[in-house]
Amino acid sequence: MDARDPITTARGVGPVLGRRLAAAGCRRIADLLAHLPLRYEDRRTLDRLPGADDATEPVKPGPLTVVARLENLNRVFGRRRFSRVEAVACDGAARVAVVWFNRPYLAQQLEEGVPYLLHGPLRRRGGDGPWQLSNPSVERIGGEESDGGGVRPVYGRIGEVPPSRVARLVADAIRTLRGASGPDWIEEWLPREERAKHELPRLADALTEVHSPSREAAIEELNARRSPAHARLAYGEFLLQQLQLAVARRQRRRSGKPHRYRADGAAWAAATRLVPFRLTGAQERVVGEIAVDLARKEPMLRLVQGDVGSGKTVLAALSCLIAARSGLQSALMAPTELLAEQHFGSLERLLGSSMTIALVTSSQRVASDGGPVEEGIADGRVALVIGTHALIEERTRFARLGLAVIDEQHRFGVVQRQSLLRKGLRPDLLVMTATPIPRSLALTVYGDLDVSILDEMPPGRRPIETRVTTDGRTEEAVNEVRRRLESGGRAYVVFPLIDGGEGAAAGLPSLTESGPEWARALAVPHGVVHGRLRRQERDETMSRFAGGSIQVLLATTVIEVGVDVPEATAMVILGAERFGLAQLHQLRGRIGRGTDPRLGDPLCIAIAGETSAEAERRLRVFADSTDGFRIAEEDMRQRGPGEILGTRQAGLPQFRFGDLARDWSWLVAARRDASELLDRLADPENDALRRQLGRRIPGLLP
Ligand code: ADP
Ligand code: MG
């Protein structure tokens, strides 16, 4: 028997159970072993049942583990779907009632008079009645099913297969495999060098320890999934992912793109002269990186990270211009209709005289030369198509797409990215994001992308002053905002909630409750935007704000992404303690984008209610820094990488054993090891590892 064998060959798995397991993705015995225990119970020391005299408190806190025989086994039907099984447990010295809820099958399975290992909480019936063991786990002892105490794994269900069954299947499988093949009962694929370097156990030993921990096991470590065995599984998984990325990267480097750019330094310089301002040093540098990528034979895969307002759009514009001059089409995809329109407007101004540009959204299809849109894209007349995800619909067909640009890439998933790329033949890809994630993190989770960083703001921008108040006073905010409105500015007031509901108890301000007061106090035309409005209505209000017919926007965080309103100079963030650091920074990036000195200095006021120490620290960092990267690093320190990535990045790799937050250092190690391993991959001793990489989803076994 081998761990690769179908699950149906495992002991105790008939055709019906086999089908159930397979339906839950458990096809091979190895899949069963990949199902790790949720937690572990410490049953190494047996307790005694409390006697009638132990009238006061339980013998010890936490669950009790006892060996007892059952008496008076009895199934009781309650109201409708509820049933319970009752018995009396006797450990030779004392008797205590036992009750199981909603496990009617126990009435058939359990027997009176034989010893069981019971593990569960001891409570007083009705609060002050006699002792009662409620819902203990129950296991017959003495037979081969159990050796009694020890550290017991507790499993979750696999599909419809109940936990107790899973436990038995796993234990049987490991026993059988070891019986048949000895201590090396599952193929090892992690190279000896890496194992030794990190002092990690072999796969067989790790699985044994995870599924049937030794009596000496450190239970807290197991429960936290930080045991050496768990680390082995997590690290192995990360290493496979990082190796796959590294291999893909190397292959990409080797597979050429069919198109070529006719662009030398002079062509880039000429393109740059079209731009009405001088590029910042950072923009120059990134343009250089893009130029090198485009000149390569293999497609570019580049991520540009730059704070809001750092000037990413012009990078896209220049690249698209170079593409057009080389007879290639470009596509620029933005996450919202409004943003797409804004890009269309500004790029048409910049490039409209040298090429035809089209806008493709779900409600608009226009070309800058007034001609037909679809046809123009299909026959190559349109050189640049700007749009929302409507771009990736079937009917948009490109004649020769050479360059794909994705703006605010964190709003898109990997699937959408791929769909856009499929519109051409291995086109170059440029993705831009204003959500700066720490460099280490970007390199690791976007292992397949090269990363550029725009860490310099265009000149003339006034630094945004940020004030944090925690006393909830609003007059100062109202006065400051009014001053800026009077000098022609516009303002955002951001609320953490749309309406009262659950958060109201915590005293959080909401748009529907406090919005009207703010509107009255500021006394200028205002609009309201939040996530429950229809997109069209939201976009209309935003457009009116951008156009100036309304001067104040009362909003939730839906305003976070990309819109450029240079006159916006004031922002009030209510319930600021509720927002994450990166989110606060994103919000603040909506203001201070203009350079007109008459508008005055931009100001952001964060008003916090009740704050925890952590929230206070967060708000201090927010007030002290306007550097997105510093803020991102701090955010990562405070919340951990898993949290940062989990909430914001769609389409991240999913890990089965590893956890980005908990096992972060293992991921970093795996990334380093992967690039080093790449050259040793062909060695015969890495056969098993190579076969793992060949699988679409690498797992426990090649
Ligand atoms: P983001 O990185 O947030 O997408 P944008 O590309 O929208 O930033 O640029 C923000 C504003 O700064 C735009 O109005 C743009 O024209 C202007 N801008 C960009 N680069 C420069 C520069 N080098 N000098 C002056 N203004 C610039
Ligand atoms: Mg932008």
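Start with the second largest pocket, which holds about 1100 Å³ of space. To find its middle, select Phe277, Thr313, Ser346, Asp564 and Arg593: of the 35 residues that line this pocket, these are the closest to its centre. Keep in mind as you look around that this is a predicted model.

Next, colour the lining by class. You'll get twelve nonpolar residues, 13 polar ones and ten charged ones.

Now switch to the cartoon view and pick out two helices, H11 (313–325) and H12 (337–351). Each of them supplies at least two residues of the pocket lining. Which helix gives the most to that lining? Click on H12: eight residues of the lining come from this helix.

**Who's in the pocket?**

Show ligand 1, which sits in this second largest pocket. Then bring up the 17 residues around ligand 1; Arg278, Gln283, Gly309, Lys312 and Thr313 come nearest. Colour this shell by class too, and you'll see five nonpolar, six polar and six charged residues.

Zoom in on three of those neighbours, one at a time:

- Gln283: an N or O atom in the side chain of Gln283 is 2.9 Å from a nitrogen atom of ligand 1.
- Gly309: here the partner is in the backbone, with a polar backbone atom of Gly309 2.6 Å from an oxygen atom of the ligand.
- Thr313: its side chain has an N or O atom 2.6 Å from an oxygen atom of ligand 1.

How much of ligand 1 does the protein cover? Put a surface on it and take a look: on its own, ligand 1 has 560 Å² of accessible area, and the protein covers 79% of that.

**On to the cavities**

Hide the ligand and turn to the enclosed spaces. Rolling a probe the size of a water molecule over the atoms shows where empty space is left. In this structure there are four cavities of 30 Å³ or more. Head for the largest cavity, with about 60 Å³ of space.

To see its walls, select Arg462, Pro566 and Thr569, then Gly592, Gly594, Thr595, Asp596, Leu599, Gly600 and Pro602; these residues line the largest cavity. How does this lining divide by class? Colour it once more: three residues are nonpolar, five polar and two charged.

How values were computed
Residues are numbered from 1 along each chain as its sequence is written. Chains are lettered from A and ligands numbered from 1 in the order in which they are written. This is a predicted model: local features need pLDDT of at least 70, side-chain atom pairs count only at pLDDT 80 or more; totals for chains, interfaces and linings use all residues. Side-chain values use heavy atoms; hydrogens and water are left out. A residue is near a molecule or strand if one of its heavy atoms lies within 4 Å of it. A polar contact is a pair of N or O atoms within 3.5 Å; within protein, one must be able to donate a hydrogen and the other to accept it, and residues adjacent in sequence count only if both atoms are side-chain atoms. Accessible areas come from the Shrake-Rupley method with a 1.4 Å probe; for residues, only the protein chains shown count as cover. On a 1 Å grid over the protein atoms alone, a cavity is a set of points where a 1.4 Å probe fits but cannot get out, and a pocket is an open set with protein on both sides within 12 Å along at least five of seven lines; lining residues have an atom within 4 Å of a point. A molecule sits in a cavity or pocket if more than half of its atoms lie within 2 Å of its grid points. Ala, Val, Leu, Ile, Met, Phe, Trp, Tyr, Cys and Pro count as nonpolar, Asp, Glu, Lys and Arg as charged, and the others, Gly among them, as polar. Grid points are joined across faces, edges and corners, and a volume is the space filled by probe spheres set on the points. Helices (H or I, at least four residues) and strands (E, at least two) are DSSP runs, numbered from the N terminus.
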